[in-house]
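This report walks through selected features of one protein chain, from a single helix to the pockets, a cavity and a few individual residues. Please keep the sequence and the coordinates at hand while reading.

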Amino acid sequence: TAYENGAQILGFSSHSFVKDDSGCMAENAFKEYSECINSLKSEYDGKISVLLGIEWDSLSNERLLKMCDYTIGSVHCVLGEKSLALCPVDLSRECFVKSVKNEFDDDVTAFIKAYYDRAIFTARKKPDIMGHFDLIRKFNLHNGLFDEKSKEYVKTALEALECVDRDSTILEVNTSAVVKGLQKEPYPSAFLLKRWCEKGGRIVITSDAHKKENLFAGYDTAAEFAKHCGFNETCVLTQDGFINVKI
């Protein structure tokens, strides 16, 4: 589908294995996954550049960070304070509420802090791309779960962003929540993206597609959003590394 629609580059980045996470690849699937992508590289040689990536979760094996053409560092789950149970932040609103109640004594602030602590841990591994940085707000449309404008939330999120190395890691502007109708603006929020721009950080626009119909979804919206936050360039990953292009 990417080739048929004129794309020059397509990167695959399946979710790395995390125990008890139903949304990731199987524990021993990476070899088969990488062989499949490398086979597609050969099959489409001269037509479209295919890249082997991994969306590396903060609870996954770190060796995967060195085994791909590129890495996206993401946080999808945190460990509960009471039982160390896996608490997904993006599975459903109901799951979010249940995790806060059962594992964090109904303290959403503690859940948020646990999330951004995992984001800091991920950032310090210096992935090529930092994925959906504030995924914690996926089901928080109209501040139904917590107040995104509160001083405490803004401070926690900005402190985590300060741990992302602008020289080694690119921040993803991710359209998926907008495309699904869950949010009004892409990840990350405007206040985070503006701060990243002030720091001289770089961005890459992605659809986080998960299916072929969404490959190019929301790119125009994300580009306008990025410009609103101060950016006039975005990065594109090629076989020779990241290059800057005008938005």
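Which helices and strands do the buried residues of H6 pack against? The model examined here is predicted, and the answer to that question begins with the helix itself.

## Helix H6 and its surroundings

Helix H6 covers residues 190–198, and within this helix Ala190, Leu192, Leu193 and Trp196 are buried. Viewed down the axis of H6, these buried residues fall within an arc of 165°, so they line one face of the helix. The background to this pattern is that an α-helix has 3.6 residues a turn, so residues three or four places apart point the same way.

The partners of the buried residues of H6 are two helices and two strands, namely helix H4 (151–161), strand E7 (170–174), strand E8 (203–206) and helix H7 (219–228). After H6 comes Gly200, which has a positive phi, near 80°.

On the other side, in the loop between helix H5 (176–179) and H6, lies Pro188. The peptide bond that leads from Tyr187 to Pro188 is cis, and its omega is near -10°.

## The largest pocket

The largest pocket has a volume of about 1400 Å³. Its lining comprises 48 residues, and those closest to the centre of the pocket are Ile9, Leu10, Gly11, Leu215 and Tyr219. By class, the lining of this pocket divides into 28 nonpolar, 13 polar and seven charged residues.

Several elements of secondary structure contribute at least two residues each to the lining of the largest pocket: strand E1 (9–15), helix H1 (30–43), strand E2 (49–57), strand E3 (70–74), E7, E8, H7 and strand E9 (233–238). E1 gives the most, with seven residues. Three of the elements in this list, E7, E8 and H7, are also elements against which the buried residues of H6 pack.

## The second largest pocket

For the second largest pocket the volume is about 380 Å³. This pocket is lined by 19 residues, and nearest its centre lie His15, His76, Asp90, Leu91 and Lys138. The classes in the lining of the second largest pocket are six nonpolar, seven polar and six charged residues.

## One cavity

The count of cavities of 30 Å³ or more comes to one, and the largest cavity holds about 30 Å³ of space. The residues that line the largest cavity are Ser176, Val179, Lys180, Ser207, Asp208, Ala209 and Asn214. By class, this lining is made up of two nonpolar, three polar and two charged residues.

Asp208, one of the residues that line the largest cavity, is also a partner of His210, since a polar contact of 3.3 Å joins the side chains of His210 and Asp208. His210 is found in the loop between E8 and H7, and with a relative accessible area of 64% His210 is exposed, because that value is over the 50% cut-off. Along the sequence, His210 and Asn28 are 182 residues apart, while in space they are 21 Å apart, C-alpha to C-alpha.

## The loop between E6 and H4

What lies in the loop between strand E6 (129–130) and H4 includes Asn140. Asn140 has a relative accessibility of 1% and therefore counts as buried, for which the cut-off is under 20%. The side chain of Asn140 reaches the backbone oxygen of Phe146 at 2.9 Å. If neighbours within four places in sequence are left aside, Asn140 is in contact with Leu145, Phe146, Glu148 and Gln183.

Asn143 also has its place in the loop between E6 and H4. Asn143 counts as partly exposed, at 33% relative accessibility, and its phi is near 55°, a positive value in a residue other than glycine.

## Positive phi at Asp106

Asp106 is found in the loop between helix H2 (93–103) and helix H3 (108–123). Although Asp106 is not a glycine, it has a positive phi of about 65°. With a relative accessibility of 58%, Asp106 counts as exposed.

Definitions and conventions:
Residues are numbered from 1 along each chain as its sequence is written. This is a predicted model: local features need pLDDT of at least 70, side-chain atom pairs count only at pLDDT 80 or more; totals for chains, interfaces and linings use all residues. Side-chain values use heavy atoms; hydrogens and water are left out. Buried means under 20% relative accessible area, exposed over 50%, partly exposed in between (1.4 Å probe, protein chains only). Helices (H or I, at least four residues) and strands (E, at least two) are DSSP runs, numbered from the N terminus. The arc is that of the directions from the helix axis to the C-beta atoms. Contact means heavy atoms within 4.5 Å. On a 1 Å grid over the protein atoms alone, a cavity is a set of points where a 1.4 Å probe fits but cannot get out, and a pocket is an open set with protein on both sides within 12 Å along at least five of seven lines; lining residues have an atom within 4 Å of a point. Grid points are joined across faces, edges and corners, and a volume is the space filled by probe spheres set on the points. Ala, Val, Leu, Ile, Met, Phe, Trp, Tyr, Cys and Pro count as nonpolar, Asp, Glu, Lys and Arg as charged, and the others, Gly among them, as polar. A polar contact is a pair of N or O atoms within 3.5 Å; within protein, one must be able to donate a hydrogen and the other to accept it, and residues adjacent in sequence count only if both atoms are side-chain atoms.
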